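Hello! Here is a short note to read beside the structure, point by point. Please keep the viewer open as you go.

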Amino acid sequence: MIRKICCIGAGYVGTPTMAVIALKCPNVDITVVDSNKSRIDAWNSSNSYDFPVKEPGLDDIIKEVRNKNLFFSSNIDKHIDESEMIFLAVNTPTKKEGEGKGFAADLTNIDKCAKQIARISSSNKIIVEKSTLPVRTAERLKEIINKHRKNDVNFEIISNPEFLAEGTAIRDLFKSDRVLIGSDQTKVGLAAMESLVNIYKKWIPEERIIKMNIWSSELSKLASNAMLAQRISSINSLSAITEKTEAKINELSLAIGKDHRIGDKFLNVSPGFGGSCFKKDILNLVYICRQYGLEEVAEYWHQVVKINDYQRKRIFNIVKSSLVELKNKKISILGWSFKKDTNDTRESSAIPISSDLIINGASLKIYDPLVEKKQIIQDLTTYLESKNLNPKEIKSFLGQVKIQSTLSECLSNSNAIIVLTEWDEFTQVDWQNNRLNTNNINLPYIFDTRNILDIQLLKSLGYEVFQIGNGDNTIK
Ligand code: NAD
Ligand code: UGA
């Protein structure tokens, strides 16, 4: 029975996952370590407002288990050495340079962990791949470990990819559809797998714990994300057709989703999927396909990302052509996070769409219930830098942006309102009252890229409204 766990990486995956294991396995001591000391300090804060990741339900669990059997520490070496099982939950972004640049996963963090574990460990360890990794990473880890380990220490690597979604992390961890565990099909490999099964068995029904070979487990994670994203690109691509044909995308989603062979999940149109993983994991899959000479397969998956970029550009163009001229237009941006109920903005469609609006002369007022002002400015700056703009130009563009702390401030006095994140708060706007408060002679155009607003009500109040893929309600 495992008694001591170390998790490297105190991010969106590491902390919620370890918090739930700590809650369900009170006899296991878990320490989450991270090279980012300020992140560890924030998790140790007495004020949950300081926690770096906001997830419904997470604060309560941390309050219950922290400093009982869940600990946060910057002393990585110590906790590696003391543990029996080590989870790798470090980030694996897309490579920015070198072989595979722009596609392959950057495994620098993973390699560093493997080296550190091998160098430090004085007792046997089970290493659990929790990060999303290219298929056959375990082979690479073995090579690194064998090069750096002490002679009498044994390591077993198993794969246990994470399927939680942000905003519902705790719910997903409590009631996982499935837990995948992949191992070498050797006696020691299977024993390592069983020790992790015993942990999950504390709250996950055994039939949902799926055991498989390690390569299937690694590849299943990339494949699952690719197929989820593929559904979004499929429905978003169809939204372009419904707009041309007076069909309605919501009706299409309903019709398609009622076929139980297809299912009704992940058929919501949007300004394109965001989040830290879909794009990077598909690009990684594309790279892997190319490595194996599977060009047609690579191109098939690449198209999912290309359609996502197309959807973002399409929305920008719709706003631009509806307003005729963007220069000096005041536009309210509702929502910055990549989906509701999270403060995560990584790859959010709000970033390229808003940047294109300011580059084309619009002034923006931006409101998000959870994302901090400095994060929004950072996101815009990074995006504008990627367009090779110089610091002076970036400063001037940022001068066109105001971050609002309330929704009503954001809504007042603008030429257009664009809903980019599906926050519940946006569905509760008193549009009648907002109509009275507006100083404009003309009511603002409303672009609802999440199809969450009551379009009939808005139209009855005199607003011109665009909803994605809603063929007969598009602004003419
Ligand atoms: P994150 O950036 O929030 O957290 C990763 C943490 O690892 C950071 O705090 C970083 O400082 C730390 N770290 C990196 N290298 C380190 C090292 N060598 N030593 C110590 N600490 C180190 O990332 P995340 O969103 O939690 O994602 C982690 C992995 O899980 C990725 O592979 C991702 O694809 C995968 N994943 C993410 C999600 C999600 O919803 N975010 C869901 C499933 C899987
Ligand atoms: C996604 C997967 O759902 C998780 O299973 C996976 O573990 C995780 O990626 C990961 O590997 O990181 P996440 O990115 O947190 O989770 O959030 P999703 O709910 O999948 O949403 C991703 C993006 O797709 C969001 O921008 C969302 O608005 C968009 N989306 C989602 C749509 O545009 N339409 C939909 O129907 C569903």
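The points below take ligand 1, then ligand 2, then a pocket in the protein.

1. **Before you start.** Please keep in mind that this is a predicted model.

2. **Who sits around ligand 1?** Which residues come closest to ligand 1? There are 26 residues surrounding ligand 1, and the closest are Asp34, Arg39, Thr92, Glu166 and Lys280. Try finding these five on your screen before reading on.

3. **Polar contacts of ligand 1.** Start with Asp34: an N or O atom in its side chain is 2.6 Å from an oxygen atom of ligand 1. Thr92 also offers a polar side-chain atom, at 2.6 Å from an oxygen atom of the ligand. With Thr132, look at the backbone instead, where an N or O atom lies 3.0 Å from an oxygen atom of ligand 1. On its own, ligand 1 has 820 Å² of accessible area, and the protein covers 92% of it.

4. **The mix of residues around ligand 1.** Sorted by class, this shell holds ten polar, nine nonpolar and seven charged residues.

5. **Who sits around ligand 2?** Here the shell has 20 residues, with Leu164, Glu166, Ser270, Cys277 and Arg450 coming nearest. You may recognise Glu166, which is also listed among the closest residues to ligand 1. Which helix gives the most residues to the shell around ligand 2? That is helix 9, spanning residues 214–245, with four residues.

6. **Polar contacts of ligand 2.** Three side chains are worth a look. Ser270 places a polar side-chain atom 2.6 Å from an oxygen atom of ligand 2. For Arg450, a side-chain N or O atom is 2.7 Å from an oxygen atom of the ligand. Asn225 has a polar side-chain atom 2.8 Å from an oxygen atom of ligand 2. Taken alone, this ligand exposes 700 Å², of which the protein buries 90%.

7. **The mix of residues around ligand 2.** The shell is made up of eleven nonpolar, five charged and four polar residues.

8. **The second largest pocket.** Now turn to the second largest pocket, whose volume is about 720 Å³. Its lining has 27 residues, and those nearest its centre are Pro52, Asn343, Glu372, Lys374 and Gln375. Helix 2 (37–43) and helix 14 (373–386) are the elements that give two or more residues to this lining. Helix 14 supplies the largest share, five residues. By class, the lining divides into eleven nonpolar, nine charged and seven polar residues.

Definitions and conventions. Residues numbered from 1 in each chain as written. Chains lettered and ligands numbered in written order. Predicted model: local features only at pLDDT ≥ 70, side-chain atom pairs only at ≥ 80, totals over all residues. Heavy atoms only, no water. Near = heavy atom within 4 Å. Polar contact = N/O pair within 3.5 Å; in protein donor to acceptor, adjacent residues only side chain to side chain. Areas by Shrake-Rupley, 256 points an atom, 1.4 Å probe, with all protein chains shown as cover. Nonpolar A, V, L, I, M, F, W, Y, C, P; charged D, E, K, R; others polar. 1 Å grid on protein atoms, 1.4 Å probe; cavity = no way out; pocket = protein on both sides within 12 Å on 5 of 7 lines; lining within 4 Å. Points joined across faces, edges and corners; volume = space filled by probe spheres on them.
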